[in-house]
Amino acid sequence: MSSYPSRKATVLIAEELSPATVDALGPDFEIRHCDGADRGALLPAIADVDAILVRSATKVDAEAITAARKLKVIARAGVGLDNVDVSAATKAGVMVVNAPTSNIVTAAELACGLLIATARNIPQANTALKNAEWKRSKYTGVELSEKTLGVVGLGRIGILVAQRMSAFGMKVVAYDPYVQPARAAQMGVKLLSLDELLETADFITVHLPKTPETLGLIGDEALHKVKPTVRIVNAARGGIVDEEALYAALKEGRVAGAGLDVYAKEPCVDSPLFELDQVVCTPHLGASTDEAQEKAGVAVARSVRLALAGELVPDAVNVQGGVIAEDVKPGLPLAERLGRIFTALAGEVAVRLDVEVYGEITQHDVKVLELSALKGVFEDVVDETVSYVNAPLFAQERGVEVRLTTSSESPDHRNVVTVRGTLAGGEEVAVSGTLAGPKNLQKIVAVGDYDVDLALADHMVVLRYEDRPGVVGTVGRILGEAGLNIAGMQVSRLEEGGEALAVLTVDDTVPPPVLAELTAEVGATSARSVNLAD
């Protein structure tokens with residue numbers, strides 16, 4: 001490890017953390033403490049520190065980052081980063097680290113607990129008995145054995161839940177378009193479409209990342225397809241299960257029960273769902289165990305040590321530690337966004353993924369660009385924070401072969417990064433991008449064989465359709481009627497009258513119904529919405 005400077009680096013601990021966290025930091029730092037939830041105390045305290053350790057109560061926003069003149073690392077002792085302005089930190093050159101695996105077991109165990117509690121009415125019976133009410137018949141439950149558990153999202157937490165509930169004699173089925181059937185079969189899980197899962201499951205547990213595509217996924221339409229005896233658990237992200245639709249389904253007897261740990265808006269203390277006796281609810285306890293808190297604190301303490309020593313920091317979520325050439329660093333966010341675009345266009349995980357880097361940049365070590373692209377590929381696939389260290393593990397778990405190809409030759413651009421993947425059915429999907437001008441403007445320059453020249457934006461739409469007059473006008477009309485403004489658009493074709501590809505940048509997310517209308521009216525063979533907003 002690199003030697004520390006003569007001045008001891010200063011680490012500010014802004015919330016109560018386990019003693020093991022301080023032990024993991026070691027004796028090489030000056031340790032200070034403050035109440036991070038008190039802005040009046042935080043802003044002066046952060047002014048001259050090298051690193052800050054927080055949990056969820058301290059808001060490290062743009063104001064705090066600006067006030068922290070020497071800050072190098074923000075460490076969140078946990079998984080979520082809602083209280084950290086990662087974008088502002090990145091612009092200021094401040095590394096953000098978290099503990100992406102600290103609460104996996106804890107979250108899975110809580111989901112299992114909610115499943116059991118909803119099946120046997122444990123909290124309701126407990127409350128009744130403590131109120132001197134002996135109500136055995138009212139709280140008759142159902143067995144888990146030989147019932148079908150539907151796992152929506154087969155990431156690490158979903159897999160742990162599947163394994164644990166299999167021990168109860170449950171048959172496990174899952175919906176996850178990013179997992180290959182063979183991989184699921186190895187775990188004893190049968191993959192189904194979402195509709196098939198909804199129709200067959202006796203219990204449903206959600207373990208997805210929260211994205212524009214998954215928001216409201218278990219909504220009114222889905223809840224009209226389930227068994228009336230189904231019990232639904234959401235211990236993943238608030239909003240994936242539409243709370244209004246769930247309330248209506250419970251009131252109308254279309255759903256038998258629910259277990260909730262997360263909510264669309266938190267803290268949540270007055271939901272209509274809380275009035276229903278068949279709902280078991282907890283206040284976002286997914287990561288709330290002593291063991292998880294200690295794991296998180298120790299993990300980020302180690303990351304702070306690595307970062308302040310100038311070494312590689314595997315759990316950095318925005319910038320990579322270690323020695324990376326200055327010419328390579330601007331390409332990291334580009335490669336990551338190209339990875340996210342690839343996933344949106346593919347709609348599944350590739351069986352083989354190639355990250356291709358061309359141009360002058362290849363005179364340097366560009367391995368980190370492969371990691372950055374992989375990080376982007378899995379960003380919207382798994383329900384965990386993706387980092388440089390776990391992205392290759394996600395690929396390995398899903399049987400994805402990953403290769404890095406480099407060449408100094410780049411005929412059209414100074415440097416180009418391409419993310420190219422072969423899907424299970426043999427189809428190839430590719431997207432290429434470059435950095436343009438002194439401000440390193442991120443641009444998309446190709447989608448597959450189609451040349452494009454368009455600045456990347458947070459919200460995009462990619463359409464494939466038969467080349468003919470009037471399509472651009474139709475697209476503009478539909479988006480205009482939906483109140484969506486087109487910021488940029490380019491149409492590319494290989495030959496007149498053949499297939500055309502249109503890439504649009506828009507000011508907001510294109511809702512699924514609008515995308516479906518575009519597909520129908522344009523006669524698109526493919527229509528994908530790409531959302532890169534943090």
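This report describes the confidence, aromatic pairs, backbone features and one pocket of the structure above.

**Confidence**

The model is predicted, and its mean pLDDT is 92, with 97% of the residues of the protein reaching 70 or more. Residues 1–6 are a stretch where pLDDT stays under 50, although the model has eleven contacts for these residues beyond four places in sequence. Where pLDDT is low, the predicted coordinates should not be read in detail.

**Aromatic pairs**

The structure holds two aromatic pairs. In one of them, Y263 and F274 are arranged edge-to-face, with 5.7 Å from centre to centre and 90° between the planes. Both Y263 and F274 belong to the loop between strand 11 (257–260) and strand 12 (279–281), where they are eleven residues apart. Y263 is buried, because its relative accessible area of 5% falls under the limit of 20%, whereas F274, with a relative accessibility of 29%, counts as partly exposed.

The rings of F378 and F394 form a pair whose centres lie 6.0 Å apart; this pair is tilted because its planes stand at 40°, an angle that is neither under 30 degrees, as for stacked rings, nor over 60, as for edge-to-face rings. F378 sits in helix 13 (residues 367–379) and F394 in helix 14 (residues 391–397), so that the pair links parts of the chain that are 16 residues apart. F378 counts as buried at 1% relative accessibility, and F394 counts as buried at 0%.

Helix 13 is also the place of S372, which counts as buried at 0% relative accessibility. Leaving aside neighbours within four places in sequence, S372 is in contact with L332, A335, E336 and Y388.

**Backbone features in loops**

The loop between strand 11 and strand 12 also contains P267, and the peptide bond that leads from E266 to P267 is cis, with omega near 0°. Two residues that are not glycines have a positive phi, and the table sets them side by side.

| Residue | Phi | Loop | Relative accessibility |
|---|---|---|---|
| N121 | about 55° | between helix 5 (104–120) and helix 6 (122–130) | 12%, buried |
| H284 | about 50° | between strand 12 and helix 11 (290–308) | 39%, partly exposed |

**The second largest pocket**

About 970 Å³ of space lies in the second largest pocket. Its lining is made up of 36 residues, and those that lie nearest the centre of the pocket are Y175, E213, T214, L217 and P512. The elements that give two or more residues to this lining are helix 9 (194–200), helix 12 (331–346), helix 16 (512–522) and strand 22 (526–531). Strand 22 provides the largest share, five residues. Sorted by class, the lining of the second largest pocket has 19 nonpolar, nine polar and eight charged residues.

Strand 22 is also where A527 lies, a residue that is buried, with a relative accessible area of 17%. Not counting residues up to four places away in sequence, A527 touches V462, L463, L515 and T519. A527 and R464 are 63 residues apart in sequence, yet their C-alpha atoms are 6.6 Å apart in space.

Technical notes
Residues are numbered from 1 along each chain as its sequence is written. This is a predicted model: local features need pLDDT of at least 70, side-chain atom pairs count only at pLDDT 80 or more; totals for chains, interfaces and linings use all residues. Side-chain values use heavy atoms; hydrogens and water are left out. Rings of Phe, Tyr and Trp (its six-membered ring) pair if their centres lie within 6.5 Å; planes under 30 degrees apart count as stacked, over 60 as edge-to-face and the rest as tilted. Helices (H or I, at least four residues) and strands (E, at least two) are DSSP runs, numbered from the N terminus. Buried means under 20% relative accessible area, exposed over 50%, partly exposed in between (1.4 Å probe, protein chains only). On a 1 Å grid over the protein atoms alone, a cavity is a set of points where a 1.4 Å probe fits but cannot get out, and a pocket is an open set with protein on both sides within 12 Å along at least five of seven lines; lining residues have an atom within 4 Å of a point. Grid points are joined across faces, edges and corners, and a volume is the space filled by probe spheres set on the points. Ala, Val, Leu, Ile, Met, Phe, Trp, Tyr, Cys and Pro count as nonpolar, Asp, Glu, Lys and Arg as charged, and the others, Gly among them, as polar. pLDDT is the predictor's confidence in each residue, from 0 to 100. Contact means heavy atoms within 4.5 Å.
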